[in-house]
Amino acid sequence: MKIKFRALLTMCGDPVENGELIIDAGNIVEIATTQSGNYDADLSDCLLMPGFINAHSHISLTALEKKLSPSDSFADWIRALIPLNSDLDDESRIRAICSGAEVMRRSGVTALGDYVAEPELLPVIGALGFRSVLFLEAIGFLSEKATTIRNNLEEILKRECVSPLCQLGLAPHAPYSVSPDLFRHLALLAEKYHCPLSCHVAETKEESRFLVIGDNSLEELLKERSAWDSRWQAPYKTPMQYLASLGILHRLIAVHCNFISDDLDIMEENNVSAVFCPQSTEWFGRTQLMPVRTLLDRGVTVALGTDSLASSNSLNFLDELRMADKLLPDVSRKEILAMATCKGAEALGLQCGTLASGQKADLIGFRVSPSYSGPWWDVPFEPHRREVDFYRVDGKPDTLSPGQLPD
Ligand SMILES: [Zn+2]
């Protein structure tokens, strides 16, 4: 397939103007700086770029849209979330998953790193058409349950081939909801099955306090859930030091990282990636947020994610870009687009996120006026944009119609 374009952001070199793109069997064959004719698609009014990579989501929570409010207490937010989530019936949950996917897709998301708490949803989420890492989410603070949880997850890793575009990962939920034994088991399991690992880390001050002096609010929550382990002793470590001591930090995809001022060296040494969730950060009214500028300057991979509609008002990735632009005045739009594309791919270990020969043909396009002369980096941030105008995953157009349930 040969496509004529107005401009193209490779995300691994300079923008290319008035060229052509050749795709074959889902891969990019060539990007030429000249136009030779005989086109299968004329996008001479479009800016093309790699599709967006939503490096952290919980698409199965989409049905909770506008059902929760921000709370001063993180434990209270979790307290409100749990019954709403467990009361959802399958049909509402699946309908919302499909509509959430549609919003992501229309706003240019081609790849996903999604936390999946219910393994029976793997075929549903795997059929949404995104290139994905589906992280099997593990929660269990009682050490005595660690082996059973580990064995159940291994059974899924052994048998599940969700779709050719999907691979599985492991997601221990957070330091306050996963026992040290379960963390250790999951680190070994990830090594055995070559799985990516992701975890919510250093999201709140309550979590940091829990690991240093003990935090009453999280302890009470665990006790209410009959999940408190009486043998637990605060390790007197920062979140990253604690995860390093359990062997889980190397190459971890760490989500949120708001309270990491003492953890920068250890993240760099362990090649930890960070995922910033702009709208979720804003929804909670966080006053301390991920030090993105510092992480980028240290060469740490920083990606972008939507998180879920339990802590955000939108899964529209263009809203996410604009919120990142607002919250990170010292990070350039070019850097934000890198976080949304090539850095997301790097974090998740996917062969996409740049447009170059041999890469996967996951790409999106924005129609621009004939008089537009750049800078091209600004186009996706323009306030009127709600959707992309061109979309391909693996070289193929989106085939799932809005609201359609996958088989
Ligand atoms: Zn999350």
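This passage describes the confidence, sheets and one helix of a predicted model. Residues are numbered from 1 along each chain as its sequence is written. Because the model is predicted, local features are reported only at pLDDT of at least 70 and side-chain atom pairs only at pLDDT 80 or more, whereas totals for chains, interfaces and linings use all residues.

The pLDDT, the predictor's confidence in each residue from 0 to 100, averages 93 over the chain, and 98% of the residues score at least 70. Residues 399–407 have a pLDDT below 50; beyond near neighbours in sequence, this stretch has 12 contacts in the model, a contact being two residues whose C-beta atoms, placed from the backbone, lie within 7 Å.

Helices (H or I, at least four residues) and strands (E, at least two) are DSSP runs numbered from the N terminus, and two strands pair if DSSP finds at least two bridges between them. An open sheet of four strands has the order β6-β7-β8-β9, with parallel pairing. Strands β6 (52–57) and β9 stand at its edges, each with a single partner strand, so one side of each is left without a neighbour in the sheet. Neighbouring strands are turned by 20° against each other on average, direction ignored. Axes are lines fitted to C-alpha atoms, for helices over the stretch in contact, and angles run from 0 to 180 degrees between N-to-C directions. Strands β8 and β9 run parallel and are joined by seven bridges, with Leu136 having Leu170 in β9 as its bridge partner. Helix α5 packs on the sheet, touching β8 and β9, and its direction makes about 155° with that of β9.

Helix α4 (residues 146–159) has 14 residues, which at 1.5 Å a residue should span 20 Å (1.5 Å times one less than the number of residues); its end C-alpha atoms are 20 Å apart, which agrees. In α4, Ala146, Ile149 and Leu153 are buried, meaning that 20 or more other C-beta atoms lie within 10 Å of their own, while 12 or fewer make a residue exposed and values in between partly exposed, with C-beta atoms placed from the backbone. The buried residues of α4 fall within an arc of 70° seen down its axis, so they line one face of the helix; the arc is that of the directions from the helix axis to the C-beta atoms. These residues pack against β8 (131–138), β9 (166–172) and α5 (180–193). Exposed residues on the other side of α4 include Thr147, Asn151 and Lys158.
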